[in-house]
Amino acid sequence: MGSPTMQDIAAIRQLVKDCAQAWNRQDSIAWGQPFAEDADLRTAYGHKLSGRAAIVQQVQESQCRGIPMELHIESIRFIRADVACVEAVSQLLQADIPFEQVISAIVAVKNDDIWRIVIFNNAGVLPKGAG
């Protein structure tokens, strides 16, 4: 199996970047592309979505649709050469939501030389003193 390569790291960074760019273009189909067919996503509000189709639909119906997002990768940790955990921090700009930021734990898996997101869990961070 070997060790992760610089190409693997670049591919994972691109995967996350593609999600953010698709969100900012309001392109729900492109947002869903990096996800595995059987991926799970948990929203910052705690709602669980299973499967790429449900994830795409949630973006199409999101109350935050059209609000620009900034997303930054904090770390990438390889569990194995073909499994990586990504920690990212995002912020919806000009959004009327209770969260200051959203922290995402993303698990990506490499199959047939293609990286896909299998788990994307979000946790909303409240402003200091808000709870």
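The expected span of a helix is 1.5 Å times one less than its number of residues. Keep that rule at hand for the first exercise, and remember that the structure above is a predicted model.

**Exercise 1. Find how far helix α1 reaches from its first C-alpha to its last, and set that beside the expected span.**

Solution.
- Step 1: Locate the helix. α1 covers residues 6-25, and it has 20 residues.
- Step 2: Apply the rule. At 1.5 Å a residue, the expected value is 28 Å.
- Step 3: Compare. From its first C-alpha to its last, α1 reaches 28 Å, close to that expectation.
- Step 4: Look just past the end. Q26 follows α1, and its phi is positive, near 60 degrees.

**Exercise 2. Work out which residues of α1 are buried and how they are arranged around its axis.**

Solution.
- Step 1: List the residues under 20% relative accessible area, the cut-off for buried. In α1 these are D8, I12, L15, V16, C19, A20, A22 and W23.
- Step 2: Look at their spread. They lie on the same side of α1 because they cover an arc of only 165 degrees around the axis.
- Step 3: Recall the helix pattern. An α-helix has 3.6 residues a turn, so residues three or four places apart point the same way.
- Step 4: Turn to the opposite face. Pointing away from the buried side are the exposed residues M6, Q7 and R25.

**Exercise 3. Describe the sheet: its strand order, its edges and the helices that lie against it.**

Solution.
- Step 1: Read the order. The open sheet is built from 6 strands, arranged β2-β1-β6-β5-β4-β3, with mixed pairing.
- Step 2: Find the edges. β2 (48-50) and β3 (69-80) each pair on one side only, which makes them the edge strands.
- Step 3: Check the twist. From one strand to the next, it averages 15 degrees.
- Step 4: Zoom in on one pairing. β3 and β4 (residues 83-92) are antiparallel, joined over 10 bridges. For F78, the bridge partner in β4 is A84.
- Step 5: Add the helices. α1 packs on the sheet, touching β1, β3, β4, β5 and β6, and its direction makes about 150 degrees with that of β3. Helix α3 (residues 52-61) lies across β1, β2 and β6, at about 55 degrees to β1.

**Exercise 4. Classify the ring pair formed by W31 and F35.**

Solution.
- Step 1: Count the aromatic pairs. The whole structure has 5.
- Step 2: Take the geometry of W31 and F35. Their centres are 5.7 Å apart, with 50 degrees between the planes.
- Step 3: Classify. Under 30 degrees would be stacked and over 60 edge-to-face, so this pair is tilted.
- Step 4: Place it in context. W31 and F35 are both buried, and ring pairs link them with W23 and F120 into a cluster.

Conventions:
Residues are numbered from 1 along each chain as its sequence is written. This is a predicted model: local features need pLDDT of at least 70, side-chain atom pairs count only at pLDDT 80 or more; totals for chains, interfaces and linings use all residues. Side-chain values use heavy atoms; hydrogens and water are left out. Two strands pair if DSSP finds at least two bridges between them. Helices (H or I, at least four residues) and strands (E, at least two) are DSSP runs, numbered from the N terminus. Axes are lines fitted to C-alpha atoms, for helices over the stretch in contact, and angles run from 0 to 180 degrees between N-to-C directions. Contact means heavy atoms within 4.5 Å. Rings of Phe, Tyr and Trp (its six-membered ring) pair if their centres lie within 6.5 Å; planes under 30 degrees apart count as stacked, over 60 as edge-to-face and the rest as tilted. Buried means under 20% relative accessible area, exposed over 50%, partly exposed in between (1.4 Å probe, protein chains only). The arc is that of the directions from the helix axis to the C-beta atoms.
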